[in-house]
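Student: Please take me slowly through one part of this model, a sheet and its surroundings. I would like each term to come with its cut-offs when you use it.

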Amino acid sequence: MITPEPLLKIDDIHSFYGNIEALKGIRLEVAEAEVVTLIGANGAGKSTTLMSICGLTPPRRGAIYFQGEPIHGLAPHRIVARGIVQVPEGRRIFPELTVLENLGMGAFLRRDPQGIKADLDDLLGLFPILAQRRRQPGGTLSGGEQQMLAIARALMGRPRLLLLDEPSLGLAPLVVRRIFETIAAINRERRTTILLVEQNANLALKVAHRGYVLENGRITLAADAAALVADERVRQAYLGI
Amino acid sequence: MNWDYLLSLFMGGLTRGSIYALIALGYTMVYGIISLINFAHGEIYMIGAFTALIVIGVLTLAGWNGMAILLIAAAAAVVYAAAYGWTMERIAYRPLRRAPRLSALISAIGMSLFLQNYVRMAQTANFLPFPNLIPDFACLKPVAHIVRASEIVIYAVTALVMLLLTLLVKFTRMGKAMRATAQDREMAMLSGVDVDQVISLTFIIGSAIAAIGGVLIASHVGQINFYIGFLAGIKAFVAAVLGGIGSMPGAVLGGLVLGWTESFFTGYVSSDYEDVFAFLFLVGILIFRPSGLLGRKQTEKV
């Protein structure tokens, strides 16, 4: 189920918040064009894992390889330059930049004006609501609109690996469904590799091919999504069945 | 009512206000990006004036004269002050990036004292005459009692600097990176912005603008010493807070309001309590508008 050379390989990383060891030796792999989800309770270390990959909470021990090359220890902007783009928890829209400027920030490292323009038109077609609000400051958008803007902003960077942190957080069920349909479509149509962190395990396991269960900074379970859905422990702890 | 007198006070206020605004921009830009009050910023302005004076001295000895000297001296001051600003951030603030805010603030005060005393030792503690190299334009003769040529130059240069800065921040790639960093530094990093580079650039731009202010006002007032950065720095800080710290239009507005307030107060009430009045005014504004005239919500923060 794992290709010989995974796109992302995390090898036994330990990351800290101050003196608290948030990740106690995580190993995981994500193959090209895969959707992998990381499920777990609050404080299990899901967001820290993503922040470690991006270099904002660099691991003190262990290694992270992207396309076979080590990226741990690189500055965050260099990691973005490799093609790893995160949609962080809480969306983090630049509140006083317009929708267009926010999208422009997603393409900050790109130098191909024509390609950027084409992607912008493409994404505004995919998210018509953003086209309507293109001149509005990002901070005036609703939660669902901001989530779409955050995803569109990330796609403006043409990521090789898209990291999504809690995209369903604080959104109405109908909006959540729309967001997850979009996530599935991004993987299907653009073959973008996705690592999805989500508390809503039900949803996450529907779009993901594989999943990892994270508990107290350790991976306790790794399997195909279907196997996880069927797993008795996962059903009890995370699916509420 | 003496209208000429009123008008001359208005123009004088505009002159002061322009200089406050130029310095306040540096305070507010740095605050917007790294939430630090760079108390050594006034010293950069002073160093700009000193650099210009030295270059003017050398070029005068070499037989140059007039506006050409001033332009070269100003250019040298801008480059030199920018280098100081960049270095200051590197050695006094960057190592403290993850430290509590108070540490960086203390480092800033230390930097300020160090630069003042460094200039005092390397140069002199006395006031030095600064030649006014701006020619008296003939067309200004009829209004000479209201406004001087050097003041007209100050208005023009200040307006030009603000226009260029606005264009830079609004439309260039680096300007967008600066705004993004000011609004959410982590997210800017996640968008691929090299935040260290943005911070360095902010110090360079702020310092260059302060140096322009230093050269202009030195040329207008006619003398400088190592201490001019202190009071000008504090006043400009007041202007930045008055306008709403972090807001660039606020810094300009705050500078002008403070300049006019001081000018009218000294002109109509008393020149003895000029500085006291500036701070009383600040206290008054902050009681009614704690976030400054252009508070955070309505403005662009850089």
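**An open sheet in chain A and its edge strands**

Tutor: Strand β9 (residues 210-215) of chain A is joined to β10(A) by six bridges, and the two strands run antiparallel. This is a predicted model, in which local features need pLDDT of at least 70 and side-chain atom pairs count only at pLDDT 80 or more, while totals for chains, interfaces and linings use all residues. Residues are numbered from 1 along each chain as its sequence is written, and chains are lettered from A and ligands numbered from 1 in the order in which they are written. Strands (E, at least two residues) and helices (H or I, at least four) are DSSP runs numbered from the N terminus, and two strands pair if DSSP finds at least two bridges between them.

Within the pairing of β9(A) with β10(A), A:Val213 has A:Leu221 of β10(A) as its bridge partner. Both strands belong to an open sheet of six strands in chain A, ordered β6-β7-β8-β3-β9-β10, in which the pairing is mixed. At the edges stand β6 (84-87) and β10 (218-224) of chain A, each with a single partner strand, so one side of each is left without a neighbour in the sheet. From one strand to the next the twist averages 15 degrees, where axes are lines fitted to C-alpha atoms (for helices, over the stretch in contact) and angles between N-to-C directions run from 0 to 180 degrees.

At the β6(A) edge, the partner is strand β7 (residues 161-165) of chain A, and the two pair in the parallel sense over four bridges, with A:Gln86 standing opposite A:Leu163 in β7(A). Both faces of β6(A) are nevertheless covered, since A:Ile84 and A:Gln86 on one side and A:Val85 and A:Val87 on the other are all buried; a residue is buried if 20 or more other C-beta atoms, placed from the backbone, lie within 10 Å of its own, exposed if 12 or fewer, and partly exposed in between.

The loop between β6 and α3 of chain A contains A:Arg92, whose phi is near 50 degrees, a positive value in a residue other than glycine. A:Arg92 has 22 other C-beta atoms within 10 Å and therefore counts as buried. A:Glu166, in the loop between β7 and α7 (173-190) of chain A, likewise has a positive phi near 50 degrees, and with 22 other C-beta atoms within 10 Å A:Glu166 is buried.

Beyond the loop of A:Arg92, six of the eight residues of α3(A) are buried, so this helix is largely enclosed by the rest of the structure. The buried residues are A:Val99, A:Asn102, A:Leu103, A:Gly104, A:Met105 and A:Gly106. Their cover includes α4 (113-126), α5 (128-132) and α6 (143-155) of chain A, together with α6 (173-183) of chain B.

The contact between the chains takes 19 residues from chain A and 16 residues from chain B, two residues being in contact if their C-beta atoms, placed from the backbone, lie within 7 Å. On the side of chain A that touches chain B, α2 (76-82) and α3 (99-106) of chain A each supply at least two residues. The residues of that side divide into twelve nonpolar, four polar and three charged, where Ala, Val, Leu, Ile, Met, Phe, Trp, Tyr, Cys and Pro count as nonpolar, Asp, Glu, Lys and Arg as charged, and the others, Gly among them, as polar.
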